[in-house]
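Thank you all for making the time this morning. Please have a look at the chain on the screen before I begin.

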Amino acid sequence: MKLTKIFIVDDLETTLYGLAKCIEKIEHTKIIGMAKSGKEALELIRVCKPDILVTDVEMPVMDGVELLKIIRKDFVKIKVVACCMYRRLWVIQNLLKNGINGVVSKQSLKTDISKAIDGALSGQTSILLILMK
């Protein structure tokens with residue numbers, strides 16, 4: 001089976017490394033890079049060309065939605081999974097409108113990140129969280 005190359009973006013270092021720890025446990029995946037902002041991620045993605053980008057939604061400098069818009073325009077083959085702390089319907093709608101492949105609540109990363117990655121790889125859009133109004 002092909003090794004899936006994953007790039008992670010989150011402005012909080014503890015979440016970044018916690019997410020990396022969860023993803024390292026998923027078979028046939030390899031973390032090829034990490035960044036603390038969307039802007040930093042774009043510079044690195046151009047070089048390392050991941051299969052999947054796992055990104056936080058709320059970050060300074062460039063948030064996950066802006067990053068998603070650029071990925072969809074410049075790197076159409078990259079699948080994108082977003083991690084949200086806030087489960088607001090308008091955030092999810094904005095992500096869906098811009099072509100997200102999966103959304104996971106940060107509270108359920110340990111159990112749901114592998115489902116979201118598998119879904120993205122198989123062409124499904126996975127929304128793995130309970131929405132709040």
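I will talk first about one strand and its neighbours, and then about the salt bridges.

A word on the basis of all this: this is a predicted model, in which local features need pLDDT of at least 70 and side-chain atom pairs count only at pLDDT 80 or more, while totals for chains, interfaces and linings use all residues. Residues are numbered from 1 along each chain as its sequence is written, and side-chain values use heavy atoms, with hydrogens and water left out.

Let me start with strand β4, residues 79–84, where helices (H or I, at least four residues) and strands (E, at least two) are DSSP runs, numbered from the N terminus. Five of the six residues of β4 are buried, so this strand is largely enclosed by the rest of the structure; buried means under 20% relative accessible area, exposed means over 50%, and partly exposed lies in between, with a 1.4 Å probe and protein chains only.

What does β4 pair with? Two strands count as paired if DSSP finds at least two bridges between them, and β4 pairs in the parallel sense with strand β3, residues 52–56, over five bridges, with Lys79 in β4 as the bridge partner of Ile52. β4 also pairs in the parallel sense with strand β5, residues 102–105, over four bridges, and there Ala82 stands opposite Val103.

Now to the charged side chains, where a salt bridge is a side-chain nitrogen of Lys or Arg within 4 Å of a carboxyl oxygen of Asp or Glu, and by this rule the count comes to six. Lys106 and Asp10 meet in one of these, at 2.9 Å from N to O, and this pair links distant parts of the chain, with Lys106 in the loop between β5 and α5 and Asp10 in the loop between β1 and α1, 96 residues apart.

Lys106 also forms a salt bridge with Asp56, the closest N and O atoms being 3.3 Å apart. Because Lys106 lies in the loop between β5 and α5 and Asp56 in strand β3, this pair ties together parts that are 50 residues apart in sequence. Asp10, Asp56 and Lys106 are thus linked in a network of salt bridges. Lys106 counts as buried at 14% relative accessibility, and Asp56 counts as buried at 4%.

By way of another example, Asp112 forms a salt bridge with Lys115, both lying in helix α5, three residues apart, about one turn of the helix. Asp112 counts as buried at 11% relative accessibility, whereas Lys115, at 47%, counts as partly exposed.
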